[in-house]
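Here are a few notes to read alongside the structure, all about charged side chains that pair up. Have a look at it first, then go through the points one by one.

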Amino acid sequence: MSNNSIIPVTKPYLPSRERLNKYLDGIYDRQWLTNNGQLVKELTVRLEEYLGVENLLLVSNGTLALQIAYRVLGISDAKRSEQVPEAITTPFTFIATASSLKWEGVEPIFADINPFTWCLEPKNIEAKVTENTRAILPVHVFGNACDVESIEKIAKKHNLKVVYDACHAFGVKYKGESLLKWGDAATLSFHATKLFHTAEGGAIVFKRKEDLELAKKLINFGITGLESIEVLGINAKMNEIQAAMGLSILDEIENNLATRERVWMGYIGGLPKELTLQKISENTTYNFAYFPILLKSEAQVKNLASKLKDKGVLVRRYFYPSLDTLDINFLSNSCAISRDIASRIVCLPLYSELNQGGIDKILETVKEVV
Ligand SMILES: *Cc1c(COP(=O)(O)O)cnc(C)c1O
């Protein structure tokens, strides 16, 4: 089989070379590659405008975005206390959600998800609150809004911080406003496989300006002047080449979104009704970032994946495994719903260039299997 006929689960969006070159020419003219350069400043303003948010900070990747948010909000801190701080999170997500907590000395406590929206279930969050709980870290999984109102109530009642891992939720609106406005902070990943990307990169959207100001110091080693270092920092800066990629893609974002929506509609029209799809929360827009389908059993998933593979189509069991099953030093909290969903889920290929011929080939196999 030639490489051309392979359908991968995703392909990075590549902007026009001409457009990218224009930004790169500017970098060569200025000879400024990193440390809050002109393109990073420009991308910050353009993203705040596009997303409809304030207090956005660009960083080098989505995992550091989470870690910086924990530090700024005092969820993890350098002065390790006697008791290990805990954050309540979901096991139905990408590993970085939980591993970033553990890496910062915060114990991820898994609470189970809602079986329909696949986001953290507020009732299950409250049951996990202890005197060591400092934060809730929900994920807007596949871009679907969490029950943000209930989560805010629980956080207020127990005096907890809320950080949303919004890595899938680029551009999503809830009740007509950016979903990223919820929580003390919301983080984005601009990894190559995401809807909007900078090859590697990410951002944090803070609720409060003073948190943004502290984060700016933390991502640059805590350096605040030529001869002053004020806080314990790290290196999490975005560079100019990353920003050039981001600006080029942002220039073409409408085209990117429209082509993804076309693929999404191509699937929806021909899906057998035995399949279950994610229930999108009320008042939430959809960004067409993923196309997850829920099958009847794990056996069906394996059957579908292998049949598709024979035809050169690669799907991904995403998210699998459920993070509460991992043996990497997480406490064991058994989440039955997350385990069940993770065992039966598959993400179908979704990227701008996927044509109707490819979509039909995939749909045919899906019908055969269910
Ligand atoms: C991609 C992703 C991350 C990690 O982002 P990186 O930029 O790859 O570090 C974290 N959480 C979720 C939900 C993601 O999808």
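**Notes on the salt bridges**

1. Start with Lys-217 and Glu-230: their side chains meet in a salt bridge, 3.2 Å from N to O. Lys-217 lies in helix α7 and Glu-230 in the loop between β11 (228-229) and α8 (240-251), so this pair ties together parts 13 residues apart in sequence. Lys-217 is partly exposed, with a relative accessible area of 28%, while Glu-230 counts as exposed at 52%. Keep in mind that this is a predicted model.

2. Next, try Arg-208 and Asp-184, whose side chains form a salt bridge at 2.8 Å, N to O. Arg-208 sits in the loop between β9 (202-206) and α7 (209-218), and Asp-184 in the loop between β7 (177-178) and β8 (185-189), so the pair ties together parts that are 24 residues apart in sequence. Asp-184 is buried, because its relative accessible area is 12% and the cut-off for buried is under 20%. Arg-208, at 26%, counts as partly exposed.

3. Which residues are linked with Arg-208 in a network of salt bridges? They are Asp-184 and Asp-211.

4. Now for a pair within a helix: Lys-156 forms a salt bridge with Glu-152, with the closest N and O atoms 3.7 Å apart. The two are four residues apart in helix α6 (residues 148-158), so about one helical turn separates them. Lys-156 is exposed at 65% relative accessibility, and Glu-152 is partly exposed at 31%.

5. How many salt bridges are there by this rule? The count comes to 19.

Key:
Residues numbered from 1 in each chain as written. Predicted model: local features only at pLDDT ≥ 70, side-chain atom pairs only at ≥ 80, totals over all residues. Heavy atoms only, no water. Salt bridge = Lys/Arg side-chain N within 4 Å of Asp/Glu carboxyl O. Buried < 20%, exposed > 50% of the residue type's maximum accessible area, 1.4 Å probe, protein only.
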